[in-house]
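Biologist: Please take one strand of this model and describe its surroundings closely, with its partners in the sheet and the helices that pack there.

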Amino acid sequence: MSHGPRSGLAAVSSALLAMSRHLEVRDVLKTIVASARELLDAQYAALGVPDDHGGFAQFVVDGVSEAQWKAIGPLPRQHGILAAMLREAKAERLADVRKDPRFEGWPSAHPDLVDFLGLPIRDGDEVIGALFLANKLRPGREHPCPAGADGGCGFTEEDEELLSILAQHAAIALTNARLYERSRELTIAEERSRLAHELHDAVSQKLFSLRLTAQAAAALVDRDPGRAKVELHQVAALAAEAADELRAAVVELRPAALDEDGLVATLRTQTQVLDRAHTARVTFTSSGFRALPAAQEEAMLRVAQEALHNALRHSDAGRVEVSLARRGGGAVLRVTDDGTGFDPEAVRRAGRHLGLVSMRDRASGVGGTLTVESAPGKGTTIELEVPGG
């Protein structure tokens, strides 16, 4: 096969590895489309994931600028050749898409497509997407072939075979990404359940104590005003503690603003709130950190939250330090406390977890490594290293 400077087994291997590297569905779609356009020397490439209402749940393009995409308007519907690929689940290779009887036109701002190559993406018998390319580039990759050109111009049977290989691997990558996102949704639900238990154990107990203390103060107002005043001071202290517990829990319940703020800002905000909410001193430092793929940043955030939860609720720590630093192409997160510590092996034998299983699962899920160092009376250090994208 000859497909320009990105031809050959190495180029195909690079594209397939890029697909498998991402866990987010949107990232997988972008990688598939960019890889297909580059490998097959096309001016435009697109991939649509259909919904159940005649449209597309997601539609990713490559070769079109953001300004052009906005000018085109709403996402396309399932009609014309796109609908045929989804419905009939077969390849479409056309010399001029505009002359096909199924062609139904496009918006005025839409780029002019001529030669066309499209394939359905299948997961077993289910069609989960449609991948297509348009406007094969001339040798030198500078200009598209003119309509009706011959002499090897336009998409070939070899192009179709190569796109078929990409579509098969795209189906695997897309299915894995969907499974990952579903698993993450279940994990979030589990975390919210755990936090609900934490709220019950911490906040509700303080509120119960607050009610009893208030009742005692009311009973003492007439016969012993001095003692009643002491009890009322205790009421105020308990109310403040309950508010702090609620504020700390809300930080964990609120979806992390990773997309908007990034991991560094999100961790800094959460540690500041926890520092105000607890008697322990909670600090955060960052050095040389560079943005990572979304899945890795979320894993690091969740491990940090679990480690902070253990340190602040169970270790009787006076100081908890969180640090985030660059290491090679990836990063390392470290959460250290000066608390009571524990024997990791004894905890494992006793069937207790302290969230360690969840943290290890998160680490392995993004290709990272979790290290736990602790001993009775020696505090605890939890370190997560991820390799980067």
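Modeller: In this predicted model, strand β1 (residues 42–50) runs antiparallel to strand β2 (residues 56–62), and six bridges join the two. Within that pairing, alanine 46 has valine 61 of β2 as its bridge partner, while glycine 48 is bridged to phenylalanine 59 of β2. Five residues lie between the strands of this β1 and β2 hairpin, where glycine 54 adopts a positive phi near 85°.

Strand β1 is also joined to strand β5 (residues 126–136), again antiparallel and through six bridges. Here tyrosine 44 has alanine 134 of β5 as its bridge partner.

These pairings belong to an open sheet of five strands, ordered β2-β1-β5-β4-β3 with antiparallel pairing. The edges are occupied by β2 and β3 (92–94); each has a single partner strand, so one side of each is left without a neighbour in the sheet. On average, and with direction ignored, neighbouring strands of the sheet are turned by 10° against each other.

Two helices complete the description. Helix α2 (residues 25–39) packs on the sheet and touches β1, β2 and β5, its direction making about 40° with that of β2. Helix α4 (residues 80–88) lies across β1, β2, β3, β4 (116–123) and β5, and runs at about 140° to β5.

As for the burial of β1, a residue counts as buried under 20% relative accessible area. Seven of the nine residues of β1 are buried, so the strand is largely enclosed by the rest of the structure.

Definitions and conventions: Residues are numbered from 1 along each chain as its sequence is written. This is a predicted model: local features need pLDDT of at least 70, side-chain atom pairs count only at pLDDT 80 or more; totals for chains, interfaces and linings use all residues. Side-chain values use heavy atoms; hydrogens and water are left out. Buried means under 20% relative accessible area, exposed over 50%, partly exposed in between (1.4 Å probe, protein chains only). Helices (H or I, at least four residues) and strands (E, at least two) are DSSP runs, numbered from the N terminus. Two strands pair if DSSP finds at least two bridges between them. Axes are lines fitted to C-alpha atoms, for helices over the stretch in contact, and angles run from 0 to 180 degrees between N-to-C directions. Contact means heavy atoms within 4.5 Å.
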